[in-house]
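Trainee: I am new to this structure and would be grateful for a close look at a single part of it. Please take the salt bridges and explain how their surroundings are built.

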Amino acid sequence: MSALFDFKAFLTVVLLTICTCTYVKLKAPSILADKTGFRGLFWKGARIGERLSPWVGIGCFIMGCTVLFV
């Protein structure tokens, strides 16, 4: 089933996107320097990952446990 219609898969994709954008911004900030357009979505994901880091980490841990054990 597509990630657009399965809520669990959608949350997994969103969390992985936020984590990936945050990692890329920390390693190579010039890639996500543009705050507008298509790259702006990834910049916003990185910003969410930076500011809500504990909550994103908890969400990733819970989603990982859910994927492994359910």
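Mentor: R47 and E50 both belong to helix 2, where three residues, about one turn of the helix, separate them. In this predicted model, the two form a salt bridge whose closest N and O atoms are 3.4 Å apart. R47 has a relative accessibility of 26% and therefore counts as partly exposed. E50 is likewise classed as partly exposed, because its relative accessibility is 31%; the class covers values between the buried limit of under 20% and the exposed limit of over 50%.

E50 has another partner as well. K25 forms a salt bridge with E50, and here the closest N and O atoms are 3.7 Å apart. Since K25 lies in helix 1 and E50 in helix 2, this pair ties together parts that are 25 residues apart in sequence. The structure holds two salt bridges, and K25, R47 and E50 are linked by such bridges into a network. As a general matter, side chains of opposite charge can pair when their charged atoms come close.

Is K25 buried or exposed? Its relative accessibility is 15%, so K25 counts as buried. K25 shares that class with L15, I18, C21 and T22, the other buried residues of helix 1. Viewed down the axis of helix 1, these buried residues fall within an arc of 130 degrees, which means that they line one face of the helix. The face turned away from this buried side carries the exposed residues L16, Y23 and K27.

What covers the buried residues of helix 1? The cover includes helix 2, residues 38-51, and helix 3, residues 53-69. T22 gives an example from within helix 1. T22 is buried because its relative accessible area is 12%, which is under the limit of 20%. Leaving aside residues up to four places away in sequence, T22 touches G45, A46, G49 and E50. E50 is thus a contact of T22 as well as the salt-bridge partner of K25.

The length of helix 1 can also be checked. Helix 1 comprises 21 residues, 7-27, and at 1.5 Å a residue these should span 30 Å; the C-alpha atoms at its ends are 30 Å apart, so the two values agree.

A further feature involves helix 3. I48, L52, W55, I58, F61 and I62 form a nonpolar patch on the surface, with about 670 Å² of accessible area together. Helix 3 gives the most to this patch, namely four residues. I58, one of the patch residues, is placed in helix 3 and counts as partly exposed because its relative accessibility is 43%.

These parts may now be set within the whole chain. The secondary structure consists of three helices and zero strands, and from the N terminus on the elements run α-α-α. The C-alpha trace spans about 40 × 25 × 15 Å along its principal axes. Of the 70 residues, 20% count as buried. The chain exposes about 5,300 Å², of which carbon and sulfur atoms supply 74%. Among contacts between residues at least 6 apart in sequence, 50% join residues at least 24 apart.

Note on methods
Residues are numbered from 1 along each chain as its sequence is written. This is a predicted model: local features need pLDDT of at least 70, side-chain atom pairs count only at pLDDT 80 or more; totals for chains, interfaces and linings use all residues. Side-chain values use heavy atoms; hydrogens and water are left out. Helices (H or I, at least four residues) and strands (E, at least two) are DSSP runs, numbered from the N terminus. The expected span of a helix is 1.5 Å times one less than its number of residues. Buried means under 20% relative accessible area, exposed over 50%, partly exposed in between (1.4 Å probe, protein chains only). The arc is that of the directions from the helix axis to the C-beta atoms. Contact means heavy atoms within 4.5 Å. Patches are made of residues with over 30% relative accessible area and no salt bridge: like charges are joined within 9 Å, nonpolar side chains (Val, Leu, Ile, Met, Phe, Trp, Tyr) within 5 Å. Accessible areas come from the Shrake-Rupley method with a 1.4 Å probe; for residues, only the protein chains shown count as cover. A salt bridge is a side-chain nitrogen of Lys or Arg within 4 Å of a carboxyl oxygen of Asp or Glu.
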